[in-house]
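Open the structure in a viewer and keep the selection panel at hand. The stops below go from the whole assembly down to one strand.

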There are 2 protein chains.
Amino acid sequence: MVELKRDELHASVCDPVSASMNFLNEVASRYPDAIPLAAGRPYDGFYEAEDVHRYLDAYLSYLRSQGLGPDEVRRQLLQYGRTNGQIHPLIARWLERDEGIRVPPAAIAVTAGCQEAMVIALRGLCAGPRDVLLAGEPCYVGITGAARILDIEVVPVPETAHGVDPAAVAVVARQVRASGRRPRALYVVPDFANPSGACLDVPARMALLDVAEQEDLLILEDDPYGLFGVDDRPRPRLKSLDTRQRVIYLGSFAKSVFPGARVGFLVADQTVVDQAGRRTLLADELSNVKSMLTVNTAPIAQAVVGGVLVEADCSLRAANREKIAFYRRNLALLLDALERAFPPSTRDSAGIRWNAPAGGFFVVMDVPFLADEALLERSAREFGVLWTPMSFFYAGGGGERALRLSHSCLEPEQVEEGVRRLARLVAALA
Amino acid sequence: MVELKRDELHASVCDPVSASMNFLNEVASRYPDAIPLAAGRPYDGFYEAEDVHRYLDAYLSYLRSQGLGPDEVRRQLLQYGRTNGQIHPLIARWLERDEGIRVPPAAIAVTAGCQEAMVIALRGLCAGPRDVLLAGEPCYVGITGAARILDIEVVPVPETAHGVDPAAVAVVARQVRASGRRPRALYVVPDFANPSGACLDVPARMALLDVAEQEDLLILEDDPYGLFGVDDRPRPRLKSLDTRQRVIYLGSFAKSVFPGARVGFLVADQTVVDQAGRRTLLADELSNVKSMLTVNTAPIAQAVVGGVLVEADCSLRAANREKIAFYRRNLALLLDALERAFPPSTRDSAGIRWNAPAGGFFVVMDVPFLADEALLERSAREFGVLWTPMSFFYAGGGGERALRLSHSCLEPEQVEEGVRRLARLVAALA
């Protein structure tokens, strides 16, 4: 009977981040009554399983209204499809309508969730060991994971309270280049990042685009939370400001539609030129990578998301009004509950503080003790509350005394009860 | 405006196989009236778009029958799901019932099509540049593509008319090892391979398993066509004979259900042992790779396939009776049409011959002229028939004077007309 040695498998199998996330899930499953301030998934209550039928039908009607006959409609849903997807024209209309991003539909590739979009973009851009990715730190584990399966080095750029600092990006890019490597792209979540909650202001966005131009970087702009700001202030996407085509935009429907479709996309409207001077679109070039990863994105899943877009006349902002209000309220409740549980008189001397993000699913709390896996287990067992150690989001150490708190999948009363339980944990450690 | 240099992108972007396939698709789209003896996709006529609703409902009913309440049913369909999928127990029942493969459901990982299963298996097994994949040649382009995006070397094992020769596998494995590299796995399609149509006999299957044991190889058994034999003779899957757990089975629902779900799977019941002696299941270890590629397979797409399995009481052989008969008839028609178009009296002297596969979608025809892209274009333009140059399936040269012919997506009368047109092309070149 064959026995495979674990240390002879690829490093991605033994990824420490995956191990941490598995630990988190395992603790969550052992303590099902613990309130999951750890979980960043969207709230369950916005959809019914039966809605899927309606979305499918809406999409099929849309295809018919475009002049497709029954055979072609069937083929669109059930046959292999175009590598870069089928609902790209609907996505293009939504991006223009809601986000001010004007790109030709051909520059959009529909992917098996945003995770695949990251893998495709990284694979296409990073040709060898010299090509590295810069990423603000603390960093979303999806992008470090994608880099790991492709053996691509990620060089962290320490974030400030206001997100990644453009000047710091330039410094790191120059250091990387001086070491003989090539900084190929910067990964950034400008709006309400996971895990930091940070949001770049408009001058920082403009500066980041300038740095990308000066340092010859592309920017991978990941935008899963941009819809969920605490107010209606416009926060322009980097891609909508991107007159020099430095930005590859990565999109997700997991929060704005639902995770069960696993549909995401990338926008890559850059020009590629070969040695003979022929010009192509980066999205078309990346379709070769897509075809080798997953061939094409499940047409059935695309149809469901397409149906949502059709029903919403391609405005997800309008279609998500209820969700936007829900997450706003939950975030406000979380911040308010923290304020009550840790009043200023006590928290400052105790070394407790947290940020107040302008949107998104996450708040980061600094604590005066080691917030490690052992404490998480104790927190679940003795205090009935789960959180995520911030150290999970640092590759080379950091975040040891901080927690990520999330409100996104909770009922409002659970948010408040979760914070009360957290306060008990903190008191017990004082 | 940024311009990216094509030769600074990853090699997978500029993959010659993709370029060839793109050329084929491009010719097909320019000559829509040409009969596509080139296309290996399944026939469109077996399903209606409306069936999707019924399958979804069948799966939701099944979940309810398993005791899941409405909230949990909704979560299964619309929320993030288990990394290795949700319909693995149904797949395990089908594999046991139809294929004699007995594995615990936990050893099955549901993937975004079989293509992702290949990427996951290769990524997990090949840890560095020393680890290479062996593959019978001519070779399916999906596996060479998967290896290319991961920078994994593929070493060809020349096939005979009876498929890959176990003794040749052993020879190549030893050569690879002698050169300081490690032959980690062999990719093989034992039943009606794409493109060769070859099928391994049972002694060869047993011998291949012995070679895997002797040479410390794993076998990646890809089985997209096994259901479609010309007779009901049992052809045991390698995995069903695999008493030493040398086989990772790769499965597809593209032909047995439909391509539009993009659901595939892998079976990896091997034991993995770490330095502390802890034992885990390879499928569980590979779930880390899966989580970094696509997080999980679209639950909506899994639900549709799950519904097909539920309706069929987990026998796809029974559910596919109509399709099996259709492809049998089409293959017989193709062989018969070739026999009539190229009678023995003329074909032998002309250097024309073809194989007679015992099933599957493909026939290979040797011709006395260069069957290259230029000829394909001429064939489409002047003769109205498309085929695939066999050279597409050789990495380092080969197949220059051979065509792959497929019957799978055609109406029976198109098969016959396609061959008549092909005969006109051949006559014109004589």
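**A tour from the pair to one strand**

Start with both chains on screen; the model is predicted. Select the interface residues: 100% of those in chain B are also interface residues in chain A, so the copies meet through the same surface.

Next, superpose the copies. Chain B lies on chain A with an RMSD of 0.0 Å after a turn of 180 degrees and a shift of 0.0 Å along the axis. The two copies are thus related as by a two-fold rotation axis.

Now hide chain B and look at chain A, which has 15 helices and 17 strands. Its C-alpha trace spans about 65 × 60 × 55 Å along the principal axes. For 430 residues, a compact globule would have a radius of gyration near 22 Å, and the 22 Å of chain A agrees with that. Colour chain A by burial: buried residues make up 62% of its 430 residues.

Then select residues 402–406 of chain A, which form strand β17. How many of its five residues are buried? Five of the five are, and the strand is mostly covered. Show the side chains: A402(A), R404(A) and S406(A) point one way, while L403(A) and L405(A) point the other way.

Add the partners of β17(A). Strand β14, residues 362–366 of chain A, pairs with β17(A) in the antiparallel sense over five bridges. Strand β16, residues 388–389 of chain A, also pairs with β17(A) in the antiparallel sense, over two bridges.

Finish by centring on R404(A) in β17(A): V364(A) stands opposite this residue, and so does T388(A).

Key: Residues are numbered from 1 along each chain as its sequence is written. Chains are lettered from A and ligands numbered from 1 in the order in which they are written. This is a predicted model: local features need pLDDT of at least 70, side-chain atom pairs count only at pLDDT 80 or more; totals for chains, interfaces and linings use all residues. Side-chain values use heavy atoms; hydrogens and water are left out. Buried means under 20% relative accessible area, exposed over 50%, partly exposed in between (1.4 Å probe, protein chains only). Helices (H or I, at least four residues) and strands (E, at least two) are DSSP runs, numbered from the N terminus. Two strands pair if DSSP finds at least two bridges between them. Copies are superposed by least squares on the C-alpha atoms of residues with pLDDT of at least 70 in both. Contact means heavy atoms within 4.5 Å. The radius of gyration is taken over C-alpha atoms; the globule rule is 2.2 Å times the number of residues to the power 0.38.
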